[in-house]
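What follows is a walk through one molecular structure, from the overall outline to single residues. Please keep the sequence and the 3D view at hand while reading.

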Amino acid sequence: MLDAIGVDDIDGLFDEIAGGLRAGELEGVPEGMPEMAVNRLMERRAAQEGRPLCFLGAGAYPHHIPQAIWQLTTRGEFYSAYTPYQAEASQGTLQVTYEFQSMMAELTGMEVSNASLYDGGSALAEAILMAVRGNRKAKSKRVIVPRAVHPHYRDATRTIVRNQGIELVALDFDPKTGTTPLEQLDAVLGDDPVAAVVIPQPNFFGRLEDVDALTDRAHERGAQVIAVANPTALALLTPPGQWGEKGVDVVVGEGQPLGIPLSAGGPYVGFLCTRKNLARQMPGRVVGRTVDADGKTGYVMTLRAREQDIRRSKATSNICTNQGLMVTAATLYMSIMGPEGFERVARHSHANARALRDELCAIDGVSAAFDGPFFHEFVLRIDGRAVTDVLGDLAGEDILGGLALAPYYDELGDALLVCATELHGEDERKAFAEALARAVA
Amino acid sequence: MSEVPSDLKYTTAHEWVRVEDDAVVTIGITDHAQAQLGDLVFVEVPEAGSSLGAGDAAAVVESVKAASDVYAPVAGEVVGANEQLDENPELVNNDPFGEGWIYQLRVENPDALDELMSAADYEAFAESEED
C-alpha cells in the first residue's frame with residue numbers, strides 16, 4: 001500500500017508532524033499484559049483511591065444516585081443508541097430527549113431547551129456566542145462575566161470565544177459578601193453597549209446573588225442575561241425565567257448533579273434553555289412531539305437546520321451530537337426523584353450545609369469568609385495553618401475537605417470552599433468537624 | 001421552467017431585485033430558488049439600519065431540509081424588512097416575487113445595479129445550473 005501512494009515507510013506518512021510533537025515510544029507502558037494481570041493491577045489501583053468522605057464540590061457534586069438509574073441507562077436500547085440521523089427510526093431515544101427538554105424547560109422556567117451540550121463550561125461559551133448573535137441591536141461583542149462564575153467555566157469560555165472577537169469583561173465580587181454588587185455592574189457597564197451579562201446562581205462560592213436587580217439592570221442597558229445555574233438549587237430557588245421583570249434570556253449549567261457520578265471529571269452534560277424567539281440562535285437540536293398519519297403520537301427531530309453538516313461554517317455551533325447517555329441518566333433521575341423528591345434533595349443539601357458551616361466555624365481558627373445566604377457550599381477562612389496542609393491531613397483521614405481557593409483567587413488567601421449535600425448527615429459532618437479540629441490545632 | 005418576471009434584475013445567488021424610487025431596491029429569492037429549497041419554515045430578516053457590503057449575508061431562509069443565506073446584491077443600508085415572514089414564512093413559497101419579498105436596501109451606488117442579470121440572462125443561467 002505504501003508503494004501505491006509513493007511513501008517509503010510508515011514514518012513518511014507522518015512527515016508533516018514536527019518530530020517533537022510525535023508520541024514516539026511510550027515509556028513505562030508495558031508491551032502487553034494478560035487480562036487477569038490487568039484486573040489485579042486495576043483493582044490494586046482502585047483500592048489506593050479509597051472511599052473518601054467527600055466535601056469537595058466546586059462544580060461537581062456528590063449526590064445519592066438511586067440504583068435504578070444506571071440499571072436502566074445501561075440497557076442496550078439506550079446504551080448503544082447513537083444520535084439518530086434517520087430521525088424517526090429511534091423513537092425511544094427521541095422520546096427520552098423530548099422528556100429531558102421538557103423537564104429542563106420547566107426547571108429553569110424557560111420556553112425551549114436543547115438536547116444538551118458537552119458540559120457546563122462549554123455551555124456557557126455557547127450561550128455567549130448565542131447572545132452575541134442574537135443581540136444584533138446592541139452592536140456589541142462585549143460580554144460581562146463576574147469573577148464569581150466558576151474559574152474553569154471562565155477559562156473554557158475564553159478559549160472558545162476569544163478568536164471570534166468577543167471581549168470578556170470581568171466583574172469583581174464584594175470581598176465581604178462574596179457576591180456581585182449592583183454598583184460594580186454599573187461601573188463596568190459604563191456607557192458602552194454590552195451584548196450580554198452573565199449571572200451565576202448560586203455563584204462559585206455557593207452564595208446567592210441578587211439576581212432580580214442584576215437581571216433588570218442588564219436588561220435596562222439592552223444587554224441579554226445569561227444565567228449559570230445549579231439544577232439542584234433550582235428545585236428551591238426562583239427559576240431564571242422569572243428573574244427580575246422579564247426573566248433571563250438564556251440559562252446554562254452543569255447537569256452532573258442529576259444522577260451522574262463524579263467519575264474523575266466526566267463525561268458530564270451541559271444544559272441550555274432559552275426563549276422561543278432565540279431558538280434559532282441556539283446551538284444543538286430540539287426534538288418535538290407530533291402525530292403520524294394515523295394520529296398516533298410520535299417524536300421527531302424538529303430543529304437542527306443550523307448544525308454543521310448542513311450549514312458548514314455558518315453553523316450556530318459545531319455541536320451536532322449530544323450527551324445522549326448522560327441525558328438519559330439525568331431524565332431518569334428527575335423522573336425517579338419526582339418534583340418532591342428532587343426538592344427534598346435540595347432542602348437536605350441546604351440544611352446540611354448550614355449545619356456543617358456552624359459546626360466547622362465553632363472550631364478555633366476556622367471562620368466563615370462571607371456573610372449572607374448560600375445554597376450548599378460555603379467558604380471558610382483558616383487561620384494559623386496553610387489550607388493545603390490542612391487538606392493533606394484530612395486526606396490522611398480519608399476525607400476530601402474541599403477546594404483551596406488561593407490558586408484561583410489570590411486575594412482570598414487561606415480560604416477553603418466546602419460543600420455538603422444530602423449525603424452529609426450528622427455522622428459524616430461530625431467526622432469532618434473532628435478531623436478538621438485536629439488538622440488546624 | 002419557473003416564473004421569471006421580466007421587469008426584475010437577478011443575481012447568481014438566485015435573488016431578485018426590484019428597483020423602486022429613491023435608490024431603494026426590494027430583494028427576495030426567485031421562484032426557482034424557493035422550489036429548490038422546498039417548504040420554508042423560517043426566515044431571518046436583517047435589522048433596519050444595518051449597512052451591508054455587496055455579497056454580505058443579509059438574511060437566512062430555512063426550509064425543512066436546509067438553511068441558506070440571502071446575500072446583498074449590492075452595497076447599501078437596510079431600510080425595511082418583511083415582518084410578515086416572521087409568522088408566515090410560506091409567503092416566500094406561495095408568492096416569491098410579491099408578498100414573499102424579504103428586505104429593502106437603499107443602494108450606495110445605483111450604477112452597481114447595472115452589473116445584475118436581466119430576466120433572460122438569469123433564465124439561461126438557472127438552466128445552465130440544472131445541467
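Two strands are said to pair if DSSP finds at least two bridges between them. By that rule β11(A) and β12(A) are a pair, since 3 bridges join them, and the two strands run antiparallel. One residue match in this pair is Val366(A), which stands opposite Ile382(A) in β12(A). The model is a predicted one, and the rest of the text places this pair and other parts within it.

Chain A as a whole comes next. Chain A contains 13 helices and 15 strands. Along the principal axes, its C-alpha atoms fill a box of roughly 70 × 65 × 50 Å. A compact globule of 441 residues would have a radius of gyration near 22 Å, and the 24 Å of chain A agrees with that. Of the 441 residues in this chain, 45% count as buried. Among the contacts in chain A with a separation of 6 or more, 75% are between residues 24 or more positions apart.

The pair described at the start belongs to an open sheet of 4 strands in chain A, whose order is β11-β12-β15-β14 and whose pairing is antiparallel. At the edges of this sheet are β11 (366–368) and β14 (403–404) of chain A, each of which pairs on one side only. Helix α11 (residues 324–361) of chain A packs on the sheet and touches β11, β12 and β15 of chain A. The direction of this helix makes about 140° with that of β11(A).

Within the sheet, strand β12 (residues 377–382) of chain A also pairs with strand β15 (residues 415–419) of chain A, in the antiparallel sense and over 5 bridges. In β15(A), Cys419(A) is the bridge partner of Glu377(A), and Val418(A) in β15(A) is the residue opposite Phe378(A). How enclosed is β12(A) by the rest of the structure? Of its 6 residues, 5 are buried, so β12(A) is largely enclosed.

Helix α6 (residues 120–134) of chain A can be checked for its length. At 1.5 Å a residue, its 15 residues should span 21 Å, and the 20 Å between its end C-alpha atoms agrees with this. The helix is also largely enclosed by the rest of the structure, because 14 of the 15 residues of α6(A) are buried.

After this helix comes a loop, between α6 and β3 (142–146) of chain A, and Lys137(A) has its place there. Is Lys137(A) buried, exposed or partly exposed? A residue with 20 or more other C-beta atoms within 10 Å is buried, and one with 12 or fewer is exposed. Lys137(A) has 13 C-beta neighbours inside 10 Å, so it counts as partly exposed. Leaving aside neighbours within four places in sequence, Lys137(A) is in contact with Gly222(A) and with Glu47(B). Lys137(A) and Ala223(A) are 86 residues apart along the chain, yet their C-alpha atoms are separated by 9.4 Å.

Ala441(A) lies in the segment after α13 (426–440) of chain A. With 11 C-beta neighbours inside 10 Å, Ala441(A) counts as exposed. Its C-alpha atom is separated by 9.1 Å from that of Ile363(A), 78 residues away along the chain.

The contact of Lys137(A) with Glu47(B) leads to the meeting of the two chains. This contact takes 8 residues from chain A and 7 residues from chain B. On the side of chain A that touches chain B, 6 of the residues are charged and 2 are nonpolar, with no polar ones.

In chain B, an open sheet of 3 strands has the order β4-β6-β7, with antiparallel pairing. Its edge strands are β4 (40–44) and β7 (67–71) of chain B, each pairing on one side only. On average, and with direction ignored, neighbouring strands of this sheet are turned by 25° against each other. Strand β6 (residues 57–63) of chain B is joined to β7(B) by 5 bridges, and the two run antiparallel. Here Ala59(B) stands opposite Val70(B) in β7(B).

Another strand of chain B, β9 (residues 103–107), is mostly covered, with 4 of its 5 residues buried. Strand β3 (residues 24–29) of chain B is joined to β9(B) by 4 bridges and runs antiparallel to it. Strand β8 (residues 76–81) of chain B pairs with β9(B) as well, in the antiparallel sense over 5 bridges. Tyr103(B) in β9(B) has Ile27(B) opposite it, and Ala81(B) also stands opposite Tyr103(B).

Terms used
Residues are numbered from 1 along each chain as its sequence is written. Chains are lettered from A and ligands numbered from 1 in the order in which they are written. This is a predicted model: local features need pLDDT of at least 70, side-chain atom pairs count only at pLDDT 80 or more; totals for chains, interfaces and linings use all residues. Ala, Val, Leu, Ile, Met, Phe, Trp, Tyr, Cys and Pro count as nonpolar, Asp, Glu, Lys and Arg as charged, and the others, Gly among them, as polar. The expected span of a helix is 1.5 Å times one less than its number of residues. Axes are lines fitted to C-alpha atoms, for helices over the stretch in contact, and angles run from 0 to 180 degrees between N-to-C directions. The radius of gyration is taken over C-alpha atoms; the globule rule is 2.2 Å times the number of residues to the power 0.38.
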